[in-house]
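Hi there,

Here is the structure I promised to pass on to you. Have a look at it first, and my notes follow underneath.

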Amino acid sequence: MLQGLLGTVDRERPLIRLPFTHFAVGTVLLPFTGLIVCLCISLLYHFEDSTYTHCQVPNYLPSISAAISRVPERYVWRCCIGVHSAPRYLVAAVYFNFYRCCFAKRLPELLLSCLALVCSVAENTGLLLLTYVSSTETYSVHKHSFIVFVASSLLHMLVTCRLWHVIGSWSLNPEEVVSYRWKLRLFLFNVSCCLAASYFFRRHNKYCEPGIYTLFAFFEYLVVFSNMAFNMTAFWDFESKEVIVATPPEDKRF
């Protein structure tokens with residue numbers, strides 16, 4: 001299917017030929033590695049600043065916004081997300097093309113496929129905005145970008161689980177069944193972590209208890225990591241496919 005989207009080996013001369021499994025792993029490793037590096041730098045070199053809150057109570061972990069807002073963390077994160085975003089838009093188009101083939105005669109699923117595409121694009125765009133507009137620069141833009149990212153991410157996962165439930169109900173491919181089961185587990189885990197993070201964030205703002213913001217930050221990490229893992233299920237969805245960059249075919253008329 002990727003070959004159909006980007007060109008086939010038979011008709012065009014490939015310049016780059018990459019298994020989709022490698023493509024998926026590399027795409028997810030960029031934000032994962034970037035976030036780990038930013039958290040480590042913040043804890044080692046900017047601990048007091050990154051863990052400070054308005055309540056001025058003991059806190060032991062920085063929020064993601066705090067971890068990516070200082071130098072050099074912000075540049076590490078921006079570089080990783082900037083490179084990561086282009087493949088994410090490509091994967092959104094690939095999934096939409098796949099759904100169109102699967103649900104060519106099923107209008108409800110086709111509409112959900114369009115919604116999944118919109119949510120995926122909104123999620124990636126929200127991530128780009130909250131990355132390049134830090135909380136210390138323009139807080140309102142960063143805040144609303146984060147809301148767009150989380151909301152579109154949850155809706156995208158929900159719609160995707162529904163579509164793969166339909167696919168899994170008539171598919172005999174074991175990889176597709178495994179992919180659906182992991183999508184569902186990761187979606188439920190992500191929702192649980194979102195609820196926990198929201199609870200601890202509100203509790204911290206209301207009561208200013210020591211360590212509560214640390215629990216918020218911890219569950220915020222789990223939200224992001226489970227989102228990455230959900231996107232990683234593309235590893236099973238397109239395991240046998242390849243990403244190909246090729247030159248246009250020669251015109252035999254000249």
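Let me start with charge: the protein chain carries 21 positive and 17 negative charges, and the mean positions of the two sets lie 6 Å apart. Please keep in mind that this is a predicted model.

On the overall fold, the protein chain has 10 helices and two strands. Following the sequence, the order of elements is α-β-α-α-α-α-α-α-α-α-α-β. The C-alpha trace extends over about 70 × 45 × 30 Å along its principal axes.

As for packing, 46% of the 254 residues in the protein chain are buried. If we take the contacts between residues at least 6 apart in sequence, 78% of them link residues at least 24 apart. The protein chain exposes an accessible surface of about 13500 Å², and carbon and sulfur atoms account for 67% of that.

The part you may want to open up in your viewer is the largest pocket, which holds about 910 Å³ of space. Its lining is made up of 33 residues, and those closest to the centre are Tyr-139, Phe-146, Phe-201, Phe-216 and Glu-220. Two or more lining residues come from each of α3 (47–50), α4 (64–67), α7 (139–170), α8 (174–207) and α9 (212–232). Which element gives the largest share of the lining? That is α7, with nine residues.

Happy to go through any of this with you whenever it suits.

Best wishes

Definitions and conventions: Residues are numbered from 1 along each chain as its sequence is written. This is a predicted model: local features need pLDDT of at least 70, side-chain atom pairs count only at pLDDT 80 or more; totals for chains, interfaces and linings use all residues. Side-chain values use heavy atoms; hydrogens and water are left out. Helices (H or I, at least four residues) and strands (E, at least two) are DSSP runs, numbered from the N terminus. Buried means under 20% relative accessible area, exposed over 50%, partly exposed in between (1.4 Å probe, protein chains only). Contact means heavy atoms within 4.5 Å. Accessible areas come from the Shrake-Rupley method with a 1.4 Å probe; for residues, only the protein chains shown count as cover. Lys and Arg count as positive and Asp and Glu as negative; His and the chain ends are not counted. The place of a charge is taken as NZ of Lys, CZ of Arg, CG of Asp or CD of Glu. On a 1 Å grid over the protein atoms alone, a cavity is a set of points where a 1.4 Å probe fits but cannot get out, and a pocket is an open set with protein on both sides within 12 Å along at least five of seven lines; lining residues have an atom within 4 Å of a point. Grid points are joined across faces, edges and corners, and a volume is the space filled by probe spheres set on the points.
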